[in-house]
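Me: Could you take a close look at the cysteines of this protein and at how they are bonded? I would like one connected account, with some word on how far the model can be trusted around them.

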Amino acid sequence: METSNESSTTDFILLGFSNWPQLEHIISGVVFIFYLVTLVGNTTIILVSYLDTHLHTPMYFFLSNLSFLDLCYTTSIVPQMLMNLWGPKKSITYGGCVLQFFFALDLGATECLLLAVMAYDRYAAVCQPLHYTVIMHPQLCQKMVLTSWIGGLGSALLLCSLTMKLPRCGQREVDNFFCEMPALIKMACVYSKILEVVVFTLGVILLLVPLSLILISYGVITQAVMRIKSAGRWHKILNTCGSHLTVVTLFYGTTIYMYMKPQNNSTSLDEEKFLTLFYTIITPSLNPLIYTLRNKDVKSAIKRILCIKKWTGKS
């Protein structure tokens, strides 16, 4: 039996969408377009939130962190994926696979926690409007974001070390387009009950608990919104909260399905690949569109910045 240490000197082969060679060029084109949208959209949100003083609020501080997470998340996956789709080789070094696996886990887990933090921010804004600035002071916001990052880092270190120690018996083919945990676990020639328990436990902590807190927050928000008589404020709350709920639904729905099922689940590998494609490539590109198209503050900030640039350019 070959251990993981012995096989660490060889490259891995990312099978990706090799079962559909006729679709690889189409998929690569779609991925490239979505990646460009992710880069432009999330960078725009970060810059606008920083440059416009009207957006120096907790909500946009958290949104900027979410955009930064999405930028890093897709960048850890897409460049290697496009190289494999466009080039003759579909390999990735062992070290590259470990780094890709680690950063995807770290950033994904951090996003799970950050989305829960953003839900609490919306709760404080809607249900405690008079005390909002006192509750969500800058130091608390920074601590909440830091806690999210530390939680994601700790879970990634644990899962990455356990998964990469599994013996693979010479297996080099990763049946996915990047080094993701479910695909790496299926490469192992042994069943690890310990890993399954750890994955399930962390899944509860990082997925089910934050999602429960989000749902509770929005349950309370819904009760508060029903008592609001101002149509303008009611509409504004629905826009900001609706954007966050849309992102939560897209991200949590597919992630829970992929990571909370048992290791021996008989889900189609093809189905898993397209689900993975959705929450790793498509969702990060939709986040900035969801927040900007439904958010008048962001659109107004972009207009103000563009007008200032235009005016200074003429002068």
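Reply: The sulfur of Cys160 has its closest cysteine sulfur in Cys97, at 8.7 Å, which is too far for a bond. Cys160 is also buried, with a relative accessibility of 9%. Since everything here rests on a predicted model, it helps to keep the confidence in view: the protein has a mean pLDDT of 83, and 86% of its residues reach 70 or more.

Cys97, the neighbour of Cys160 just named, has its own partner, for a disulfide joins Cys97 to Cys179 with an S to S distance of 2.0 Å. The link of Cys97 and Cys179 is left-handed, with -120° about the S-S bond. Cys97 belongs to helix 4 (residues 94-127), while Cys179 sits in the loop between strand 3 (173-174) and helix 7 (181-187), so the bond ties together parts that are 82 residues apart in sequence. Cys97 and Cys179 are both buried.

The search of the whole structure finds 2 disulfides, and the other one joins Cys169 to Cys189, with 1.9 Å from S to S. Here the link is right-handed, with 65° about the S-S bond. Cys169 lies in the loop between helix 6 (138-164) and strand 3, and Cys189 in the loop between helix 7 and helix 8 (193-226), so this pair ties together parts that are 20 residues apart in sequence. Cys169 is partly exposed, at a relative accessible area of 38%, and Cys189 likewise counts as partly exposed, at 36%. When the bonded cysteines are numbered in sequence order, the pairing reads 1-3, 2-4.

As for confidence by element, helix 6 has the highest value in the protein, at 95, whereas helix 11 (residues 296-314) has the lowest, at a mean of 67. Residues 1-7 call for particular caution, as pLDDT stays under 50 there, and the model has 18 contacts for them beyond four places in sequence.

Helix 4, which holds Cys97, also matters for the packing of the interior. The largest nonpolar core has 91 residues, among which Phe62, Met81, Leu115 and Tyr252 touch the most other members. The largest share of this core, 19 residues, is supplied by helix 4. Leaving aside neighbours within four places in sequence, Leu115 is in contact with Leu66, Ile214, His244, Val247, Val248, Phe251 and Tyr252.

Met81, another of those core residues, is in helix 3 (residues 78-86), where Val78, Met81, Leu82, Asn84 and Leu85 are buried. Viewed down the axis of helix 3, the buried residues fall within an arc of 160°, so they line one face of the helix. Met83 and Trp86, on the other side of helix 3, are exposed.

Finally, the record can be set beside the model. An unreviewed UniProt entry lists "transmembrane region" for several spans, including residues 60-78, 98-123, 144-164 and 194-216. Over residues 60-78 the chain is 89% helix and 0% strand, with the end C-alpha atoms 26 Å apart. Residues 194-216 are 100% helix and 0% strand, and the end C-alpha atoms of this span lie 31 Å apart.

Definitions and conventions. Residues are numbered from 1 along each chain as its sequence is written. This is a predicted model: local features need pLDDT of at least 70, side-chain atom pairs count only at pLDDT 80 or more; totals for chains, interfaces and linings use all residues. Side-chain values use heavy atoms; hydrogens and water are left out. A disulfide is a pair of cysteine sulfur atoms within 2.5 Å. Helices (H or I, at least four residues) and strands (E, at least two) are DSSP runs, numbered from the N terminus. Buried means under 20% relative accessible area, exposed over 50%, partly exposed in between (1.4 Å probe, protein chains only). pLDDT is the predictor's confidence in each residue, from 0 to 100. Contact means heavy atoms within 4.5 Å. A nonpolar core is a set of buried Ala, Val, Leu, Ile, Met, Phe, Trp, Tyr and Cys residues joined through side-chain atoms within 4.5 Å. The arc is that of the directions from the helix axis to the C-beta atoms. UniProt positions are given in the numbering used here, feature names are shortened, and annotations may be inferred rather than shown by experiment.
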